[in-house]
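Please open the structure in a viewer and keep the selection tool at hand. The tour below proceeds stop by stop, naming what to select and what is found there.

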Amino acid sequence: MKKTILTFLLIVQIQSILAQVKSISNQPIYRNPLPSPYQLKWHDNNYYLFMHFGPNTFTDKEWGDGKEKTTVFNPTLMDCNQWCKIAKAAGAKGIIITAKHHDGFCLWPSKYSTHTVGQSDFKRDVLAELSAACKKNGLLFGVYLSPWDRNHPDYGTPQYNTVFVNMLKEIFQNYGPIWELWWDGANGEGPNGKKQIYDWQLFESTVRAISPQTVIFSDIGPDIRWIGNENGKASTTNWNLLDTIGFKRGLGAPLNDTLQQGNFKGAHYIPAEADVSIRPSWFYHERENNQVKSGEELMKIYLNSVGRGANLLLNVPPDDKGLISAYDSAALMNFYIKRKPLEGPNLLKNASLSIGEPDRNNINKPYSWYYILKQSVLMNGLILEEDLKYGQKIIAVNITVSTSGETKLQQKITTVGSKRIIVFPEPINASEIAIVVLESKGLPIFKTIRAF
Ligand code: FUL
């Protein structure tokens, strides 16, 4: 079929879609919270590993009560380089480690606790070794520091806030740069049966003063929010915006549904991170060696998290020797192989972008991107990315994939955000692709439109 006829057919197709496009001039004015430069960079490093490691690794527990003997922690073969090499080979961008879980055991010899590696037979400083190994392997280094502490004698009193601040200072001053700090929302009583009233403002200002580039995670931010479940699953509509008024860290976040979707008109830019474990539990348990998620399952998780605009924090816990087990590393490599085609060359590279380029000077011009390939190409899907430095704007998009004028797929999606991966139900030999933004908070700006 001639290119002119094709163009005509697609224009007709697009015009019918455009009939659905809300007139831009009728649109409400939305506020547009913007990401900080560090949040923006964080979006680009969208898949990284979580490592739960501590006394629980040896006691077969998930939540230690803080009464464990420090000597139980003895990962005789610990090799942080092995962790990093595996992370790197798996395409992960960094590692976040549980420097202190709820049992209060510190993986560094803190001066502010007597329940640390310093009191164990192991003696080695896990944070120092991991931070150095991350640097060596070009990985980002992040720290999980549980506010809840079931060991510290000061927990439940105002002094504990000072302890926590001192621990933050030790970590940020001695092991930085720290890319992401993780504050867990789980919160209960300390050894004296008391709950803590946290001084979040003090914690946050302490971190900001030493390390302004660190992004801070908690259920409700300030920089990164929880996705509302531990299955690594974002919602198909996922706004990087959240309203936090009326909520307090550790004391009640918005409903899990809201965390999953964000707030359409949210006041703050707080994008979501989806955490999930490669195993049923967060800590290593030998009995779960046969329950490690397969590459295929991990791929599904990736599409439901990164593919829906969230970051993926995948937990891969070191074993009781202090190594990533062969079960986990095999699954990670398999996952990597499954992900690879998505990162291959853009199959739209040689296509002509015929009509509908956004026109910043004419707000009534429809926002549509329209590709014609010289020859049809077999493709499995599309990857769209918004340029988030201008804020997250796209509300609804219609995608049409055709072969010589014949529609093969028409799909309406909602938000795009950091990344939206659309996998076709089956490969399509496509020659034309139309991407029409049906609704947007102002001018939609794509960073990427790719086919794989
Ligand atoms: C939860 C904790 O209670 C789990 O032990 C784990 O650390 C998970 C990532 O967060 O709130």
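Begin by selecting His 102 together with the ligand: an N or O atom in the side chain of His 102 is 2.9 Å from an oxygen atom of the ligand. The protein covers 90% of the 300 Å² of accessible area that the ligand has on its own, areas here coming from the Shrake-Rupley method with a 1.4 Å probe, with only the protein chains shown counting as cover for residues.

A note on the model is in order. This is a predicted model, in which local features need pLDDT of at least 70 and side-chain atom pairs count only at pLDDT 80 or more, while totals for chains, interfaces and linings use all residues. Residues are numbered from 1 along each chain as its sequence is written, and side-chain values use heavy atoms, with hydrogens and water left out.

Next, add His 101, which has a polar side-chain atom 2.9 Å from an oxygen atom of the ligand. Then add Trp 63, where an N or O atom of the side chain is 2.9 Å from a ligand oxygen atom.

Now display the shell around the ligand, whose members include Phe 50, His 52, Tyr 144, Asp 184, Glu 230 and Trp 282; a residue is near a molecule if one of its heavy atoms lies within 4 Å of it. How do the residues of this shell divide? Five are nonpolar, three polar and three charged. In this scheme Ala, Val, Leu, Ile, Met, Phe, Trp, Tyr, Cys and Pro count as nonpolar, Asp, Glu, Lys and Arg as charged, and the others, Gly among them, as polar.

Leave the ligand and turn to the salt bridges (a side-chain nitrogen of Lys or Arg within 4 Å of a carboxyl oxygen of Asp or Glu). The count comes to 14 salt bridges. Side chains of opposite charge can pair when their charged atoms come close.

Select Lys 61 and Glu 68, a salt bridge with its closest N and O atoms 3.1 Å apart. Lys 61 is partly exposed at 29% relative accessibility, whereas Glu 68 is buried at 8% (buried means under 20% relative accessible area, exposed over 50%, partly exposed in between, with a 1.4 Å probe and protein chains only).

Move on to Arg 339 and Glu 343, whose closest N and O atoms are 3.9 Å apart in their salt bridge. Here Arg 339 is buried at 2%, while Glu 343 is exposed at 52%.

Finally, select Asp 387 and Lys 389, a salt bridge with a closest N and O separation of 3.1 Å. To end the tour, select Glu 204, Arg 208, Asp 223 and Arg 249, which salt bridges with shared partners join into one network.

Definitions and conventions:
A polar contact is a pair of N or O atoms within 3.5 Å; within protein, one must be able to donate a hydrogen and the other to accept it, and residues adjacent in sequence count only if both atoms are side-chain atoms.
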